[in-house]
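Work through the exercises below with the sequence and the structure side by side. Try each task before you read its solution.

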Amino acid sequence: MKSKKNNWLSRAVALLLPLLLLTSAAFAQTSAAEPEMADALRASGKIYVVVLVLVIIVTGLLVYLIRLDGKVSRLEKEVGE
Amino acid sequence: MKWWKYLTIVLLLYTVVMGFLGHVPRLAILNETERNLYFHVPMWFGMTIILFVSVVNAIRYLRNPSPRLDILAHESVKTGVIFGVLGLMTGSLWARFAWGTWWTADVKLNGAAVTMLIYGAYLVLRGSVRDEQQRARLSAIYNIFAFSAAIPLLFIMPRLYDSLHPGMGGNPGFSKYDLDSSMRMVFYPAVIGWTLLGVWITEVSCRFAFVKEKIYEKQEKQLA
């Protein structure tokens, strides 16, 4: 049970890490007096703060949902569904 | 946990990370707000799909009544309404900065608002009927009306009139001119991820309602 969980986690990390690395391509872009984009924000690297905040929020909500899911599963077992 | 729940987690985290860090085309006025496409639009995709699931279960209920089908339809509407309200709120915020106003008398916007009112009335209707079978039957019939009103309001009417909203009034929207291939790589996973999240929430709340039903049944048997 425990190893299964770790296995899943490592797989998720292995999937997400390359995606994060891919984003370095986004940094390479520079503006040419075109519509204003968040270049400065990106250059200073602070966009990662926002990304992390959202990752925390989404992870928190998902953990809450997973726990709720587990609680309902236990209830189902108790009632004999 | 079922496999699609892991998929939901991966897709949502991917959406949040790539939604901010991925490449988007440079567009005037929209600027970085076009990233909202990964968050605002999937709310409506998710809502429509979940409400469709609901109406299917309502029809199944009318053909073959069972408390389970009623619960499935009811919980789906609740999730759909949450998604719809979030869609309205995020859309309004986006409109403030793209169009300069929180709300405007636009067919698409008003259609979406009326849809939410119709489904709000579904919940009111359910709350006002005591008898379980009558409530289930009434709300199943109303559900069919609600869905068949929602689809024209959301997807047909706005196309017949002029609208500010992308995809309306002869405007092909993001799909043709603005949505480049790098955005698609985030947009489609985002739609699937958010929809699956809605399905997951609905699944948990349905299972909870099933258990509650079972406990009540047991109690009634004990009393009898």
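**Exercise 1. The largest nonpolar core**

Find which residues of the largest nonpolar core touch the most other members, and find which element gives the largest share of this core.

Solution.
- This is a predicted model. Start with the size: the largest nonpolar core holds 50 residues.
- Next, pick out the best-connected members. B:Leu51, B:Ala73 and B:Phe187 touch the most other members.
- Then list the contributors. H1, H2, H3, H4, H5 and H7 of chain B each give two or more residues to this core.
- Last, rank them. H7(B) supplies the largest share, 14 residues.
- For background: nonpolar side chains tend to be buried together in soluble globular proteins.

Now take one core member. Which residues does B:Leu51 touch, leaving out those up to four places away in sequence?

Solution.
- B:Leu51 touches B:Ser76, B:Val77 and B:Gly80.
- B:Leu51 also touches B:Phe147 and B:Ala150.
- Two of these partners, B:Phe147 and B:Ala150, are among the buried residues of H5(B).

**Exercise 2. Helix H5 of chain B**

Check the length of helix H5 of chain B against the span expected at 1.5 Å a residue.

Solution.
- H5(B) covers residues 132-160, which is 29 residues.
- The expected span is 1.5 Å times one less than the number of residues, so H5(B) should reach 42 Å.
- The end C-alpha atoms of H5(B) lie 41 Å apart, which agrees.

Locate the kink in H5(B).

Solution.
- The kink is centred on B:Leu153.
- Its angle is about 35°.

List the buried residues of H5(B), and name helices that cover them.

Solution.
- The buried residues are B:Ala136, B:Ser139, B:Ala140, B:Asn143, B:Ala146, B:Phe147, B:Ala150 and B:Pro158.
- Their cover includes helix H2 (40-63), helix H3 (67-98) and helix H4 (107-127) of chain B.
- A general rule helps in reading such a list: an α-helix has 3.6 residues a turn, so residues three or four places apart point the same way.

**Exercise 3. Chain B as a whole**

How many helices and strands does chain B have, and what share of its residues is buried?

Solution.
- Count the elements: chain B has seven helices and zero strands.
- Now the burial: 38% of the 224 residues of chain B count as buried.
- Add the extent. The C-alpha trace of chain B spans about 70 × 40 × 25 Å along its principal axes.
- Finish with the contacts. Take those between residues at least 6 apart in sequence: in chain B, 76% of them join residues at least 24 apart.

Decide whether B:Leu27 is exposed, partly exposed or buried.

Solution.
- B:Leu27 sits in the loop between H1 and H2 of chain B.
- Count its neighbours: 15 other C-beta atoms lie within 10 Å.
- Buried needs 20 or more, and exposed needs 12 or fewer. B:Leu27 is therefore partly exposed.

**Exercise 4. Where the chains meet**

How many residues of chain B are in contact with chain A, and which element of chain B gives the most?

Solution.
- 27 residues of chain B contact 29 residues of chain A.
- Helix H1 (3-21) and helix H7 (181-223) of chain B each give two or more residues to this side.
- H1(B) gives the most, with 11 residues.
- By type, this side of chain B divides into 20 nonpolar, three polar and four charged residues.

Now cross to chain A and describe A:Val79.

Solution.
- A:Val79 lies in helix H4 of chain A. That helix has 33 residues and reaches 48 Å, close to the 48 Å expected.
- A:Val79 has 15 C-beta neighbours inside 10 Å, so it counts as partly exposed.
- Across the interface, A:Val79 touches B:Val211, B:Lys214 and B:Ile215.
- Just after H4(A), A:Gly80 takes a positive phi of about 85°.

**Exercise 5. Confidence**

Where is confidence lowest and highest in chain A and in chain B?

Solution.
- Chain A has a mean pLDDT of 73. Its lowest mean is 57, in helix H2 of chain A, and its highest is 87, in H4(A).
- Chain B has a mean pLDDT of 89. Its lowest mean is 55, in helix H6 of chain B, and its highest is 95, in H2(B).
- For the whole model, ipTM is 0.73 and pTM is 0.80.

Conventions:
Residues are numbered from 1 along each chain as its sequence is written. Chains are lettered from A and ligands numbered from 1 in the order in which they are written. This is a predicted model: local features need pLDDT of at least 70, side-chain atom pairs count only at pLDDT 80 or more; totals for chains, interfaces and linings use all residues. Two residues are in contact if their C-beta atoms, placed from the backbone, lie within 7 Å. Helices (H or I, at least four residues) and strands (E, at least two) are DSSP runs, numbered from the N terminus. Ala, Val, Leu, Ile, Met, Phe, Trp, Tyr, Cys and Pro count as nonpolar, Asp, Glu, Lys and Arg as charged, and the others, Gly among them, as polar. The bend at a residue is the angle between axes fitted to the seven residues ending there and the seven starting there. A nonpolar core is a set of buried Ala, Val, Leu, Ile, Met, Phe, Trp, Tyr and Cys residues joined through C-beta atoms within 7 Å. pLDDT is the predictor's confidence in each residue, from 0 to 100.
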